[in-house]
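Student: Hey, I've got a new structure open and no idea where to start. Can you walk me through it?
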Amino acid sequence: MKSPKLLLPLALCVALLAAACGGTSTKVPGDAVATVGGATITKSQFDAVISRAKKGYKSQKRPFPAVGTPEYQQIKQSAMQFLVQRAELEQKAKDYGIKISKKQIEDRITQIKKQLGGEKAYKAQVKANGLTEATVRSDIVVPQLLSEAIYKKVTGGIKASDKDVQNYYKAHLKIYQQPESRDVRHILVPTKAQADKLYAQLQAGADFAKLAKKYSKDPGSAAQGGKLTISKGQTEATFDQTAFLLKKGQMSRPVKTRYGYHIIQALSDVRPAKTTPFGQVKDSIRQQLLRDKQNKAMAKWVSDTKKEFDKKIHYQVGYAPPKTTTSGTTTG
């Protein structure tokens, strides 16, 4: 199924990953398709999501899958997942005392319109996905805002200390070390005979760049007249050794590697190895460590929430997901 951008927004925008794995039960009212904790998901809510999916297919001029087909089952499961996940999200938000104001909703609508290219594009997208102004707010905007608020609650107090940052820098110092480097140019040909012939022409004053463009088999440098920047230890051993022994302007005799025969000329002095100072990278390290800690905190939250909802979800007969399917509750 090729889902329209706004069809099942909670699965896309909120990224719920945990516990829609309850079973069928007589506890589910006759007019409902599932219960999630204290919330009841009605048949009319399910029908509304399917109706929007049908409109989305119609707007794309695609036939809606027939009931009973694998394609329809996939849509049905996605609809159920969306509704269950939304109920989970709302309950967790309530536990945290999170409330979404009208201003927050309208501000987000304004942001969405801007991202889509304006009012006209926004309305076209809403119509194309079988949505209304009301369902955009209830099924997209509110879940987004709840998701973001939960994320802030879970990760808000997490920090990466100066000590954490310094320890990471010391433990990963090789990442910030840059080996010797220099600019060179070379001509790569498959045979020694051809390399010797070209070397003789260069010795007689032929233009190196022109010969490289015409004869070199190195796709990465031939078009630039053979020019490239190399770092110590990052090319084949014989090429590397020769390139870094040459004096600026000096040209080598043909050198063999597994790729063929190279004629190398040094264009610059060797730039010494250096290490990027801690001060230049500490902010990026801090951001990386912070993201890692936040991800770990959210992973734990997902695990805890999954356990919490494991016994709280019950489905009407015919609406439970396959036993091999898992989904969940997390915000991203």
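Tutor: Sure. One term up front: a residue is buried under 20% relative accessible area, exposed over 50%, and partly exposed in between. Also, this is a predicted model.

Student: OK, so is K123 buried or exposed?
Tutor: Neither: K123 has a relative accessible area of 47%, so K123 counts as partly exposed.

Student: And which residue does K123 form a salt bridge with?
Tutor: E119, with the closest N and O atoms 3.7 Å apart. Both sit in helix 5, 4 residues apart, which is about one turn of the helix. E119 is partly exposed too, at 35%.

Student: How many salt bridges does the structure hold?
Tutor: It holds 20. One of them joins R86 and D139, whose closest N and O atoms are 2.3 Å apart. R86 is in helix 3 and D139 in helix 6, so this pair ties together parts 53 residues apart in sequence.

Student: Are R86 and D139 buried or exposed?
Tutor: R86 counts as buried at 14% relative accessibility, and D139 counts as buried at 5%.

Student: Switching topic: at what angle do helix 6 and helix 11 cross?
Tutor: Roughly 105 degrees, and their axes come within 9 Å. That's why the two count as roughly perpendicular to each other.

Student: Which residues meet there?
Tutor: I150, Y151, V154 and T155 from helix 6 meet Q294, A297, M298 and W301 from helix 11. By class, that contact has 6 nonpolar, 2 polar and no charged residues.

Student: What about helix 3 and helix 11?
Tutor: They pack at about 105 degrees, with axes 12 Å apart. Their contact has 2 nonpolar, 2 polar and 4 charged residues.

Key
Residues numbered from 1 in each chain as written. Predicted model: local features only at pLDDT ≥ 70, side-chain atom pairs only at ≥ 80, totals over all residues. Heavy atoms only, no water. Axes fitted to C-alpha atoms, helices over the stretch in contact; angles between N-to-C directions. Parallel < 35°, antiparallel > 145°, perpendicular 65-115°, else oblique. Contact = heavy atoms within 4.5 Å. Nonpolar A, V, L, I, M, F, W, Y, C, P; charged D, E, K, R; others polar. Salt bridge = Lys/Arg side-chain N within 4 Å of Asp/Glu carboxyl O. Buried < 20%, exposed > 50% of the residue type's maximum accessible area, 1.4 Å probe, protein only.
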